[in-house]
Amino acid sequence: MSGEKTSGTALPGMDAIATGPTGRPKREFAVPAALTEHGPARIIALCNQKGGVGKTTTTISLGAALAEYGRKVLVIDFDPQGALSAGLGVNSHDGLTIYDLLLGREKDTRLAVQQTTTPGLDIIPANIDLSAAEVHLVNEVAREQILARVLRPVLDDYDVILVDCQPSLGLLTVNALTAAHGVLIPLECEYFALRGVALLVETIEKVKDRLNPAIQLDGILATMYDSRTLHSREVLERVVEAFGDSVLETVVGRTVKFPDASVAGTPITSYASEHPAARAYRQLARELIERGAVA
Ligand SMILES: Nc1ncnc2c1ncn2[C@@H]1O[C@H](COP(=O)(O)OP(=O)(O)OP(=O)(O)O)[C@@H](O)[C@H]1O
Ligand SMILES: [Mg+2]
């Protein structure tokens, strides 16, 4: 395991070669050019069946950062807990939700879309009703493809659609993976981070095999990283050992600003615009654009 890592140190007379937290040379990601036209959207599922790893926080913060760069973004709350809706200050109790669309109670997907306070960032909310969806959908024809069908009519309205999955590998998550062009896996930098990732990768492979041959792993995002602890650094080192270049260069630090921002119902990028955590999500947006995961 690692000892102390050097970061940006150099012998006298040598140029400093800065290393990022992943141990690779530090990189700058260019500010992307503005888009002249929008759509069709690439769909990205944020997925990890482990709870509390930063799926919802990443959906909100990345969505807001991409919107700042002029991308048209739709986020889908795909968790009955409705944390994404709450974190964006959206009312998910009156009005249509993703559940109404999945069950075919409302056929026009656009009617369920709500604007958020961030320009360019829209949401289809969810509430606890969604917890009944798996039971209701289990006997449907092509039950894994329902979300893909629901999103099809709005693809041309957006550049990217982010789906915030619940912490499970059940039918809803399989729907998200079937609809998705890519998967982004947030991983908390703590000891058991890698537990369960093999099962997640196996599920993605099964979906690729049987339902969605085009799906790609867009990246693994290390979250809640604390550079002051050896533990955090060791976990990140093991994650890089296991997943190599799939691990994104951008690493999100641990900070209480995130829970504060979600209480305020505002993305970190506007709640604490110059905080390192807001900058990290802007960097993530630029990195994903550079990797071609987002237009
Ligand atoms: N980088 C971070 N630093 C500190 N706290 C964070 C960070 N990212 C997220 N959190 C907090 O950790 C908690 C869990 O985060 P979040 O809700 O994004 O995870 P999740 O994977 O969506 O959880 P669930 O599986 O329950 O849906 C929240 O209280 C959130 O504010
Ligand atoms: Mg969540």
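Three elements each supply at least two residues of the shell around ligand 1: helix H1 (55-68), strand E7 (216-225) and helix H9 (257-264). This is a predicted model, so keep that in mind as you explore. Among the 18 residues around the ligand, Gly-51, Lys-55, Thr-56, Thr-57 and Pro-167 come nearest. The points below start at the ligand and then move through the helices, the core and a few unusual backbone spots.

**Around ligand 1**

- What classes of residue make up the shell around ligand 1? The shell has seven nonpolar, eight polar and three charged residues.
- UniProt, in an unreviewed entry, lists residues 42-216 as "domain: AAA".
- That span, 42-216, is 33% helix and 18% strand, and its end C-alpha atoms lie 11 Å apart.

**Helix H1, one of the elements beside the ligand**

- Is H1 enclosed or open to the outside? Because 14 of its 14 residues are buried, H1 is largely enclosed by the rest of the structure.
- You can check the length of H1 yourself: at 1.5 Å a residue, its 14 residues should span 20 Å, and the end C-alpha atoms are indeed 20 Å apart, so the two values agree.
- Ala-67 is a good residue to zoom in on, as it belongs to helix H1.
- Ala-67 counts as buried because it has 23 C-beta neighbours inside 10 Å, and the cut-off for buried is 20 or more.
- Leaving aside residues up to four places away in sequence, Ala-67 touches Val-73, Thr-118, Pro-119, Gly-120 and Leu-121.
- Try finding Ala-67 and Ala-222 together: they are 155 residues apart along the chain, and their C-alpha atoms are separated by 22 Å.
- Just after H1 comes Gly-70, with a positive phi of about 85 degrees.

**The nonpolar core**

- In soluble globular proteins, nonpolar side chains tend to be buried together.
- Here the largest nonpolar core has 84 residues, and Val-163 and Ala-176 have the most contacts inside it.
- Which helix gives the largest share of this core? Helix H11 (residues 276-290) does, with eight residues.
- Val-163 touches Ile-43, Ala-45, Leu-46, Ile-76, Phe-78, Ala-176 and Ala-180, not counting residues up to four places away in sequence.

**Helix H11 and the loop before it**

- H11 has 15 residues and reaches 20 Å from its first C-alpha to its last, close to the 21 Å expected at 1.5 Å a residue.
- H11 is mostly covered, with 11 of its 15 residues buried; among them are Ala-277, Tyr-281, Arg-282, Leu-284, Arg-286 and Ile-289.
- What do the buried residues of H11 pack against? Their partners are H1, E7, strand E8 (247-253), H9 and helix H10 (268-271).
- Just after H11, Gly-292 takes a positive phi of about 85 degrees.
- Ala-272 sits in the loop between H10 and H11.
- Ala-272 has 19 other C-beta atoms within 10 Å, so it is partly exposed; a buried residue would need 20 or more.
- The contacts of Ala-272 are Lys-257, Ala-261 and Ala-278, again not counting residues up to four places away in sequence.
- Ala-272 and Thr-109 are 163 residues apart in sequence and 33 Å apart in space, C-alpha to C-alpha.

**Unusual backbone spots**

- Most residues other than glycine have a negative phi, and most peptide bonds are trans.
- Where is there a cis peptide bond? One joins Gly-39 and Pro-40, with omega at about -5 degrees.
- Pro-40 lies in the segment before strand E1 (42-46).
- Ala-142 has a positive phi of about 50 degrees although it is not a glycine.
- You will find Ala-142 in the loop between helix H4 (133-137) and helix H5 (146-151).
- Is Ala-142 buried or exposed? With 10 C-beta neighbours inside 10 Å, Ala-142 counts as exposed, since the limit for that class is 12 or fewer.
- Met-224 is another residue other than glycine with a positive phi, near 55 degrees.
- Met-224 is found in strand E7, and Met-224 is buried because 22 other C-beta atoms lie within 10 Å.

Definitions and conventions
Residues numbered from 1 in each chain as written. Chains lettered and ligands numbered in written order. Predicted model: local features only at pLDDT ≥ 70, side-chain atom pairs only at ≥ 80, totals over all residues. UniProt positions renumbered as here; feature names shortened; annotations may be inferred. Helix = DSSP H or I, 4+ residues; strand = E, 2+ residues; numbered from the N terminus. Near = placed C-beta within 6 Å. Nonpolar A, V, L, I, M, F, W, Y, C, P; charged D, E, K, R; others polar. Expected span 1.5 Å × (residues − 1). Core = buried A, V, L, I, M, F, W, Y, C linked by C-beta atoms within 7 Å. Contact = placed C-beta atoms within 7 Å.
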